[in-house]
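User: Hello! I am new to this structure and would like to know how its descriptions are justified. Could you take me through the reasoning?

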Amino acid sequence: MSPIAPQADAKQDALAHDLTPIRESVRALCANFPGEYWRALDRTRSYPEEFVAALTKAGFLAALIPEEYGGSGLSMTAAAAIMEEIQACGCNGAACHAQMYTMGTLLRHGSVEQKKRYLPAIASGELRLQAFGVTEPTSGTDTLSLRTTAVRDGDHFVVNGQKIWTSRAEHSDLMLLLARTTPREQVKSRTAGLTVFLVDMRAAKGNGLTIRPIRTMMNHATTEVFFENLRVSADAVVGREGEGFRYILSGMNAERILIAAECIGDAKWFVGKATAYAGERVVFGRPIGQNQGVQFPIARAYIGMRAAELMVREAAALYEAGKDCGAEANMAKHLAAEASWAAADMCVQTHGGFGFAEEFDIERKFRETRLYTVAPISTNLVLSYIAEHVLGLPRSY
Ligand SMILES: Cc1cc2nc3c(=O)[nH]c(=O)nc-3n(C[C@H](O)[C@H](O)[C@H](O)COP(=O)(O)OP(=O)(O)OC[C@H]3O[C@@H](n4cnc5c(N)ncnc54)[C@H](O)[C@@H]3O)c2cc1C
């Protein structure tokens, strides 16, 4: 755990909410999942079942589900503190962070029946909704070019196509799927014709749905998913047919804020590790941290983390006040991902050769945190968003 985290958190939380009890509960839970646990899973690219089960049992993954549906009904600020704390303790919330926010599309746009049917079971953990099928191999960031189609056939849709990077699909019961229901050339607006489906993967596997794991540089349980004449009941449509792109966009702010909070947690972990090591490692007869060449990069990483943290908190505050937070969520994700990556690099450098040794966990966290300048949205696309929507510059793509 990061030795710098508690004081900084207390000062910041005092400005907004008192999140000390939640943070302490998360830390207590994470203490049962030390570095050895994550290292063993990392070697075999295995899913952290026990960790996810413990977080579910404690109710943390149901933080954003309203109490009327069996969730904890917490604020975005509290949810962000949970994700941040998980990472600051050296754990990896990527295994289950989507269980916290993917249901937001259902909550905001689903029918009363869908919400009653699914949300309590998602809140209890009986059902996992943590697979999000948007990205495709050919369309990439250009979501509107996606090629997976869902064609109406009576009271069903028939789905054909492929998704890539559908993380946790093997560990999820439900998938939120974005597919084209009206050909692009037949829609009036650029963004119309895409529909969101809540696919029950338990029934679909082997009946038109195939999942293939993709081995990546870190343990992320990501996959590619193939649809071959998969029949999905029409009552799996979330909201109105053809308006799915708007629904998916509306969920992205929550995703960005929570992942930004994870990056803050990672940065705290790296800064904490580096500070501790720089204080105890003696070379040339003095602690390496006595050299400004060693202490300045640590201080710089700390400052970068704190600045990013302010933007994460601002984005979360706007989100929970129901205000537009698109710019702040994007900026928070960008600053936090850069801060965690800079802190990761600094931490390896501070540790010298030991930064590369598996038992220090630094190389594992280094690999894990690298993802966030690419996913869920890459740096260039955040910059394009700010250039276009905040600065009013011409759209570049
Ligand atoms: C481990 C992992 C887990 C993921 N999990 C999920 C998931 O669960 N569900 C899901 O739907 N997706 C998921 N993704 C996909 C992720 O959101 C995308 O990888 C990411 O948005 C980038 O898209 P791409 O990989 O297709 O890159 P591309 O769109 O091919 O872009 C490649 C590079 O070119 C840049 N680029 C592209 N167009 C422009 C432009 N116009 N201007 C400037 N630069 C540009 C991008 O910034 C990027 O750096 C995951 C990805 C990874 C690696």
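User: Why is arginine 108 called partly exposed?

Analyst: In this predicted model, arginine 108 has a relative accessible area of 37%. Buried means under 20% and exposed means over 50%, so arginine 108, at 37%, is partly exposed. Its place is in helix H7, residues 103–109.

User: What makes the pairing of the side chains of arginine 108 and serine 250 a polar contact?

Analyst: The distance is 3.3 Å, and the cut-off is a pair of N or O atoms within 3.5 Å, so the pair qualifies. Arginine 108 also touches Gly251 and Tyr319, leaving aside residues up to four places away in sequence. The C-alpha atoms of arginine 108 and glycine 239 are separated by 8.8 Å, although their positions lie 131 residues apart along the chain.

User: How do you know that tyrosine 372 is buried or exposed?

Analyst: Tyrosine 372 has 3% relative accessibility. The limit for buried is under 20%, so tyrosine 372 counts as buried. Tyrosine 372 lies in the loop between helix H13 (362–370) and helix H14 (379–390). Beyond its neighbours within four places in sequence, tyrosine 372 is in contact with residues including Ala94, His220, Glu262 and Lys333.

User: And what about aspartate 361: is it buried or exposed?

Analyst: Aspartate 361 has a relative accessible area of 7%. That value falls under 20%, so aspartate 361 is buried. Aspartate 361 is found in the loop between helix H12 (326–351) and H13.

User: What makes the phi of aspartate 361 worth a remark?

Analyst: Phi of aspartate 361 is near 70 degrees, a positive value in a residue other than glycine. Most residues other than glycine have a negative phi. Asparagine 229, in strand E7 (residues 223–233), also has a positive phi, near 50 degrees. Arginine 45, which follows H3, has a positive phi near 50 degrees too.

User: Why is asparagine 229 called partly exposed?

Analyst: The relative accessible area of asparagine 229 is 49%. Exposed requires over 50% and buried under 20%, so asparagine 229 is partly exposed.

User: Which peptide bond is cis, and how do you know?

Analyst: The bond joining alanine 375 and proline 376 is cis, with omega about 0 degrees. Most peptide bonds are trans. Proline 376 is found in the loop between H13 and H14.

User: Which residues come nearest to the ligand?

Analyst: Of the 19 residues around the ligand, Phe132, Thr135, Thr141, Trp165 and Ser378 come nearest. The shell divides into 10 nonpolar residues, eight polar and one charged.

User: How do you know that serine 167 makes a polar contact with the ligand?

Analyst: A polar side-chain atom of serine 167 lies 2.9 Å from a nitrogen atom of the ligand. The cut-off is 3.5 Å, so this pair is a polar contact. Asparagine 380 has a polar side-chain atom 3.0 Å from a ligand nitrogen atom, and a backbone N or O atom of proline 376 lies 3.3 Å from a ligand oxygen atom. The ligand taken alone exposes 970 Å², and the protein buries 66% of that.

User: Finally, which residues have the most contacts inside the largest nonpolar core?

Analyst: They are Phe51, Ile86, Ile122 and Leu258, in a core of 98 residues. Helix H10 (residues 244–280) gives the most to this core, with 19 residues.

How values were computed:
Residues are numbered from 1 along each chain as its sequence is written. This is a predicted model: local features need pLDDT of at least 70, side-chain atom pairs count only at pLDDT 80 or more; totals for chains, interfaces and linings use all residues. Side-chain values use heavy atoms; hydrogens and water are left out. A residue is near a molecule or strand if one of its heavy atoms lies within 4 Å of it. A polar contact is a pair of N or O atoms within 3.5 Å; within protein, one must be able to donate a hydrogen and the other to accept it, and residues adjacent in sequence count only if both atoms are side-chain atoms. Accessible areas come from the Shrake-Rupley method with a 1.4 Å probe; for residues, only the protein chains shown count as cover. Ala, Val, Leu, Ile, Met, Phe, Trp, Tyr, Cys and Pro count as nonpolar, Asp, Glu, Lys and Arg as charged, and the others, Gly among them, as polar. Helices (H or I, at least four residues) and strands (E, at least two) are DSSP runs, numbered from the N terminus. Buried means under 20% relative accessible area, exposed over 50%, partly exposed in between (1.4 Å probe, protein chains only). Contact means heavy atoms within 4.5 Å. A nonpolar core is a set of buried Ala, Val, Leu, Ile, Met, Phe, Trp, Tyr and Cys residues joined through side-chain atoms within 4.5 Å.
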